Amino acid sequence: IWNTWGDAIVAAYNDAENAINMALEYRDIFKNFNFEELGIRRLTPRIAGHFGAFEVLYDQVSGKINMHGTNVNLAARIEPITIPGEIFVSKNFREATTPDNNIRFDDMGMIELPKNAGEVRVYRLCRISDKPIAPVGKEAAEVKLPPTDGKRYGFKR
């Protein structure tokens, strides 16, 4: 299921692997695209992910199948606190995956969400080859950068 909400795209997937692959590919399209060739400034989307149940319904206004629920709202609250050009996901999203050699989840700490949505632990979803970034949430000083012991975390392809 996918839809657009203003300047956002919202999508749901049957499995974590498809969600992870789409998020990384979407991020990389913008990262590698030559915006100067079109004479426009670089666009850097913020991508957020969450895992959980939601309601599926027929939206009579748009004439499409759509989704709603607290888990859809939670993903929408993670997006504004995501660093542009990055993918931040919830602990539920991270826990819904299995180890993989191609991706990792960097702990960004506890972050207060907008619109009084509470505080959640978020993780940066990235390729194993991406450079680490500094955590941005509470406990940031306690959060360690990814291990360099050769162990890798993510979703098995």
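Helices and strands are DSSP runs, numbered from the N terminus. This model is predicted.

**Figure 1. Overall fold of the predicted model.** From the N terminus on, the order of elements is β-β-α-β-β-β-α-β-α-β-β. That comes to three helices and eight strands. The protein has 157 residues, and 36% of them count as buried. Among contacts with a separation of 6 or more, 64% join residues 24 or more positions apart.

**Figure 2. The stacked pair Phe30 and Phe35.** Four aromatic pairs turn up in a search of the whole structure. In the pair shown here, the ring centres of Phe30 and Phe35 are 6.3 Å apart and the planes meet at 25°, so the pair is stacked. The stacked label applies because planes under 30 degrees apart count as such. Phe30 has a relative accessible area of 17% and is buried. Phe35 is buried too, at 6% relative accessibility. Tyr26 and Phe33 join Phe30 and Phe35 in one aromatic cluster.

**Figure 3. The edge-to-face pair Phe93 and Phe105.** The ring centres of Phe93 and Phe105 lie 6.5 Å apart, with the planes at 65°, so this pair is edge-to-face. The pair links distant parts of the chain. Phe93 sits in helix α3 (residues 91-95), and Phe105 in strand β7 (residues 103-112), twelve residues apart. Phe93 is buried, at 8% relative accessible area. Phe105 is buried as well, at 12%.

**Figure 4. Arg94 over the ring of Tyr123.** Arg94 lies over the face of Tyr123. The distance to the ring centre is 4.7 Å. Tyr123 also belongs to the largest nonpolar core, shown next.

**Figure 5. The largest nonpolar core.** Twelve residues make up this core. Among them are Ala19, Ile20, Ala23 and Leu24, together with Ile47, Ile87 and Val89. Phe93 and Phe105, the edge-to-face pair, are members too. At least two core residues come from each of α1 (16-32), β6 (87-90), β7 and β8 (119-127). The top contributor is α1, with four residues. A second, separate core has nine residues, including Ile78, Ile111, Leu113 and Val120.

**Figure 6. Contacts of Ile47.** Leaving out residues up to four places away in sequence, Ile47 touches Ala23, Tyr26, Arg27, Thr82, Glu86, Ile87 and Phe88. Two of these partners, Ala23 and Ile87, share the largest nonpolar core with Ile47. Tyr26 is a member of the aromatic cluster.

**Figure 7. The largest pocket.** The space in this pocket is about 1300 Å³. Its lining has 43 residues. Nearest the pocket centre are Ile9, Val10, Ala11, Ile47 and Ala48. Elements that give two or more residues to the lining are β1 (2-5), β2 (8-11), α1, β3 (47-49), α2 (70-78) and β6. Helix α1 gives the most, with six residues.

**Figure 8. Positive phi values at Lys115 and Asn116.** Where do Lys115 and Asn116 lie? Lys115 is in the loop between β7 and β8, and Asn116 is in the loop between β7 and β8. Phi of Lys115 is near 60°, a positive value in a residue other than glycine. Asn116 is not a glycine either, yet its phi is positive, at about 55°. Are these side-by-side views of buried or exposed residues? Lys115 is exposed, with a relative accessible area of 68%. Asn116 counts as exposed at 79%.

Definitions and conventions: Residues numbered from 1 in each chain as written. Predicted model: local features only at pLDDT ≥ 70, side-chain atom pairs only at ≥ 80, totals over all residues. Heavy atoms only, no water. Phe/Tyr/Trp six-rings, centres within 6.5 Å; stacked < 30°, edge-to-face > 60°. Buried < 20%, exposed > 50% of the residue type's maximum accessible area, 1.4 Å probe, protein only. Lys NZ or Arg CZ within 6 Å of the ring centre and 35° of its normal. Core = buried A, V, L, I, M, F, W, Y, C linked by side-chain atoms within 4.5 Å. Contact = heavy atoms within 4.5 Å. 1 Å grid on protein atoms, 1.4 Å probe; cavity = no way out; pocket = protein on both sides within 12 Å on 5 of 7 lines; lining within 4 Å. Points joined across faces, edges and corners; volume = space filled by probe spheres on them.
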